[in-house]
Structures are given as C-alpha cells and as structure tokens.
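Here is a set of exercises to work through with the structure open beside you. Try each task on your own, then read the solution step by step.

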Amino acid sequence: MKNNRNNLILTIRTIQTVLTALALCASGVTAPYAGAAELRPAAIMVGDGQLTVVLGTNPSSAEKRVTELLADRLKDRAGIVLTDSADQAKFRLVIGTMISNDKIKAFASAHKEVVALGADGYVIVTELGKRQLYIAGQSESGVVAGVGRLMRELRYQPGRIEVPALSISESPQMPNRGMYLWARKEFFGKPDQVDRYVEEFALWGCNGIGLWFEMGMFKSFDDPEAKKWLGIYRRLYATAKRMGMKTNLTMVMNDAYNTSPVAMRIKPIIGCPNHYLCPSKPGSVELMIAWQEEVFKALPEIDIYNLFPVDPGGCSCAECAPWPTHGYWRIAKPLADRIHEISPKTEIWVATWHLNHPTFGGKDWKNLVANLDWSKERPKWFAGFEVGLAPHHGYARMSAEDRKAYNEAKQPLTVFPDISMWGNHPGMLVNKEYWKTLQAEVNDYTPELMKGGRVYSERWNTDIANVAMLSWFWNSKTPVDAVLDDYAMFYFGPEAATGRELLELLDDSNKDPQRKEKIRETLAKLEGSLPEWVKRDWRWSEIVKSSQMKRR
C-alpha cells in the first residue's frame, strides 16, 4: 500500500511539473527544474570523493570562497566530500573566468557564448562524455552566481549527488542587484550568521551589500559604540568583497550624532529626531560634510554612495522648504562634490524616498528631477536617481504619473523596494499579489533606464521576498511562481513539491477557506518526511513559526 501511495504521489508531481513547464514555456520563460528524476535521463550520479573542483592558477577570493561553500553544501546535504585529486576524480568541475583560469579560456574558444556574456553573466555546460562541467563567469560575481545556479540544479541524496546535463548562458538585465541590511542590534546579533546570509544572496546573483551608518545611535565618531559598529561594517563589507560584490553606503543628509550642537538642530518633524541638523543654520553644512567624510574614510573603498533625503531626515523651516530643492540639495551637492573628490570611482545616487509627503514639499521632488537632467544642473558625479518602490506606502509610493516624470527625465534609475515593514510581520513573509505589484512597477520604468536597486531587509523573515526582487533584477519578467519553484527546490530538496504547497498556503493573499487545516496537514507531512539538512537551515524555523501563526 505504501509503495502504491508513493508511486501515486510521484505521478501527480510529474504531471504537475510537466504542466508547469508547458505553461512557462508558453510564456517564454525557461521551465523550473523541480521535476522528478525520470525527467533528467542524461544526469549522472557522483559519490563521495568522486568530484573535484578545478580552479585556475590565479583564482579570485570569490572563486575560492564559493568552492568552499559548494563543499559545505555537498557535505551537509549529501554527506560527500570533494577530492583534491583531479586524476582520481570521477567528475571535474572547472570554474573561473577567462582571466583566472586557462581551462576556461580554452573552453571559451569553442564556446562563443562565453565571450558574448554581459556583465556578471555566466555559462554552465556539462560534458557528460568527458565527465566535466564548466562554469565560466564574465566576472567573479558571475562565477559565484553560476555556482549558485549549479547548486540549485543539483539533486542531493544520501551519499551522492545527481549532476544533470546543462547548457545555460545567462546575463543579468540590471547591473545593480543589491541588498540593504538595516543596522539594528537584533539583526546583527550573530555576525557569523549574517556573513553567511550575505554569501547566500551572492549565490542568487546579488552583487552588492548596502549599510546605513546611523549617527544618531552614537555620541560622536569617537564613541566606543560607533567604533564597534564601524568594525561590524568593515567585516560585512569584507564578506561582500570576498564574494565579488560591491559595497554600498547610505547616509541621511542631515543625520547627526545625538550630542549635536543644539543651536544647529531642526525643529521636531515627522520621522526625524530633533538632534538632526538644519542646513540653514550657520556652519551646519560644513559640520555634516566633515562628519560624513570621517565615516566614508573609516570604511573600505565604497563602490556606491546613496544620498538619502528623509524617513528619517529633513527639515521644514522656512529657509529649507521645500526640502528637495532647498534643504536636501543644499547638503547633497557639496557633500557629493567632496565624496567624488576623495573617491572619483564611487557611484553617487540621489534618493527621492518619501518626498511626496507634504512636510517635504509634496511634488517639489519633480523640480529636483528636472534640474538634474542632461541640459541643466547635472553634476559630473551624478549616477542617477534611486526611487521608492512601495505601492502601499502613503508617501514613498510612485504613481503612474510619477513614474512618467522619471522616464521623461531620461536619467538612470534604481529602486528601493519596501518589502519588509509590514507591521513587524511574524514568520516567513509571503505575499504573491503584493510582489506582483512591485514587479509590474519595476517594469513600468523605461528598461534602458532601470539599473536595478537594493532590497530592504531588516529581519530574516523577508528571505523569499529578497530572492524574488533579486530574481527581477536579473530578469524582470520572471514569474513569481517560477521564483517560488526555485526557492522550494533549493531549500526543501526531495520534498520540494510539498514545500511548494506550503509556501502557497502561507501566502498572505491566499483566500482558501480551508487554508488553516491545509497548513496544519502540509506542515505535518513535511515534518515527517524532510531530510535533516532542511530542518537544520534557519529558514525552516521561520516557516514553522509562520505556519503556527497562520493556522490558529
């Protein structure tokens, strides 16, 4: 009876996979790989000590680290280890760029798709007859993303892995595919875990980590607590660089230490502590620039610098109003001039988050956008605008008319997606309908202008939403369901079909009247059948927490 039931489940899953594949192919999207084993007849099995990774003579730190991550994954999920002996290995995985690995250079001579890759792209080709697999990256970030893709394509079984036949060539649509981690003690309480979190997103194609140095947390630059946090930031930036990622620093324009000169302070306004400085007060702009320069120089080379306007930040006094073109720009322009003088290669982006609020001039941000077009006051350092992506936010959301204003300005754009506030959402955050609005909004901007963005993450439970946004920075047309298919396969392994059912039930937009009972049943099914490596992953505890909350 048990074998008949298993065969029935396998048949149902196979039918579901075929139907999903047909639907996705009809939409022009590559079918997910969440198929049953019989759908991958060309794959071969590789056991303990039978796989070796072949790096070049000059591997980058990212290539070496991603090899370590692959080895950890194989040991954790399948209980197998890599071998150092290329001669004795049953299967060879060759990774690198044309610069770092001569074998990749030779491979590229016969595979023109490698030379044709866009920035951070990768090619994955399996040569089963030769028992070799190649991952060629256009950059070290591309190598990491390619190995991450391979990890998602592998099938993990006790004592062995299934290596499929692959022929993939992909390049990301957008150059900036970043994560912004909100600097709060409860988020950064376990540095080792945060390091791995950063590395994990590099495997999904993330190529940048952003942080905000919040001055108001400290008495001064010399405050021991400030020094401690600068150390944490340096560590996280080092982790990012080790994975071939960019570093991003956000600074609120009139941020200040909590012991700031009283005579220079703003009057209390919405969302802004009163220790912030008013740029109309004598000497305040010079002080703010000096403070931010100290922070900038105390950190490793910063690739991207975000000038942030409000929430918190801003001033509503008569001299600073309207804030976008007066107070904000009064600080942003000389500050960016100074940052550009110190580091000419640093990209400097002007954010317009929350500027629709009447306290900050309502629609005056349009005048800021108009003034920074190619024919007016555009400074040499100006990389483009970072716009809010927050359809449910009262003052950060962009209407169709607002998006038209940015499109007509013809300046490069990145987005700052609001995915994680949600009233301190407990458990794993899943909301397909909301995510679809975010995706549609990204695609409403002129494609040539849209350069990506940085996903806002303040807690672990936004993991799936983060993956969705990173997927859209890679390919903005990827369906939400395809993202969830990938996520389920990677983190639920052989129970991907049931795990995918649970994610569907946990979706906040799911209106199934039997939802609670189905969550209970599906969770119980998973708890009895999941491999231990799934339960060891922190994501599982977040999913259990969410299931318990939603089934009450």
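**Exercise 1. Cis peptide bonds**

Task: In this predicted model, find the loop in which Pro-322 has its place, and say which residue a cis peptide bond joins to Pro-322.

Solution:
- Step 1. Pro-322 sits in the loop between β12 and α9.
- Step 2. Look at the bond before this proline: Ala-321 and Pro-322 are joined by a cis peptide bond, with omega about -5 degrees.
- Step 3. Now look at Pro-312, which lies in the loop between β12 (304-308) and α9 (324-342). A cis peptide bond joins Pro-312 to Asp-311, and omega is about -5 degrees there.

**Exercise 2. Positive phi angles**

Task: Asp-120 has a positive phi although it is not a glycine. Locate Asp-120 and decide whether it is buried or exposed.

Solution:
- Step 1. The phi of Asp-120 is about 70 degrees.
- Step 2. Asp-120 is found in the loop between α4 (112-115) and β4.
- Step 3. Its relative accessibility is 13%. Buried means under 20%, so Asp-120 counts as buried.
- Step 4. Try Arg-131 too, another residue with a positive phi, about 55 degrees, that is not a glycine. Arg-131 lies in the loop between β4 and β5, and with a relative accessible area of 33% it is partly exposed.

**Exercise 3. A five-stranded sheet**

Task: Work out the order of the strands in the open sheet of five, and find which strands stand at its edges.

Solution:
- Step 1. The order is β2-β3-β5-β4-β8, and the pairing is mixed.
- Step 2. β2 (51-54) and β8 (167-170) each have a single partner strand, so one side of each is left without a neighbour in the sheet.
- Step 3. From one strand to the next, the twist averages 10 degrees.
- Step 4. Zoom in on one pair: β4 (residues 122-127) and β5 (residues 132-137) run antiparallel and are joined by six bridges. Val-125 has Tyr-134 in β5 as its bridge partner.

**Exercise 4. A three-stranded sheet**

Task: Do the same for the open sheet of three strands.

Solution:
- Step 1. Here the order is β1-β7-β6, with antiparallel pairing.
- Step 2. The edges are β1 (44-47) and β6 (155-157); each has a single partner strand, so one side of each lacks a neighbour in the sheet.
- Step 3. The twist averages 25 degrees from one strand to the next.
- Step 4. Four bridges link β1 to β7 (residues 160-163) in the antiparallel sense, and Val-46 stands opposite Ile-161 in β7.

**Exercise 5. A strand covered on both faces**

Task: Explain why β9 (residues 176-181) can be called largely enclosed, and name strands that pair with β9.

Solution:
- Step 1. Six of the six residues of β9 are buried, so the strand is largely enclosed by the rest of the structure.
- Step 2. In a regular strand, side chains alternate between the two faces of the sheet.
- Step 3. Sort the residues of β9 by side: Asn-176, Gly-178 and Tyr-180 are on one, Arg-177, Met-179 and Leu-181 on the other, and all are buried.
- Step 4. β9 and β16 (residues 450-457) run parallel and share six bridges, with Gly-453 in β16 as the partner of Arg-177.
- Step 5. β9 also pairs in the parallel sense with β10 (residues 208-212) over three bridges, where Gly-210 is the partner of Tyr-180.

**Exercise 6. Helices**

Task: Check the span of helix α5 (residues 140-153), then describe how α2 and α6 cross.

Solution:
- Step 1. At 1.5 Å a residue, the 14 residues of α5 should span 20 Å; the end C-alpha atoms are 20 Å apart, which agrees.
- Step 2. Of the 14 residues of α5, 13 are buried, so α5 is largely enclosed by the rest of the structure.
- Step 3. The axes of α2 (residues 61-78) and α6 (residues 191-203) come within 12 Å and cross at roughly 95 degrees. The two helices are therefore roughly perpendicular to each other.
- Step 4. On the α2 side the contact is made by Arg-65, Val-66, Leu-69, Asp-72 and Arg-73, and on the α6 side by Arg-196, Glu-199, Glu-200 and Leu-203.
- Step 5. Sorted by class, this contact has three nonpolar, no polar and six charged residues.

Terms used
Residues are numbered from 1 along each chain as its sequence is written. This is a predicted model: local features need pLDDT of at least 70, side-chain atom pairs count only at pLDDT 80 or more; totals for chains, interfaces and linings use all residues. Side-chain values use heavy atoms; hydrogens and water are left out. The expected span of a helix is 1.5 Å times one less than its number of residues. Buried means under 20% relative accessible area, exposed over 50%, partly exposed in between (1.4 Å probe, protein chains only). Axes are lines fitted to C-alpha atoms, for helices over the stretch in contact, and angles run from 0 to 180 degrees between N-to-C directions. Angles under 35 degrees count as roughly parallel, over 145 as roughly antiparallel, 65 to 115 as roughly perpendicular and the rest as oblique. Contact means heavy atoms within 4.5 Å. Ala, Val, Leu, Ile, Met, Phe, Trp, Tyr, Cys and Pro count as nonpolar, Asp, Glu, Lys and Arg as charged, and the others, Gly among them, as polar. Two strands pair if DSSP finds at least two bridges between them.
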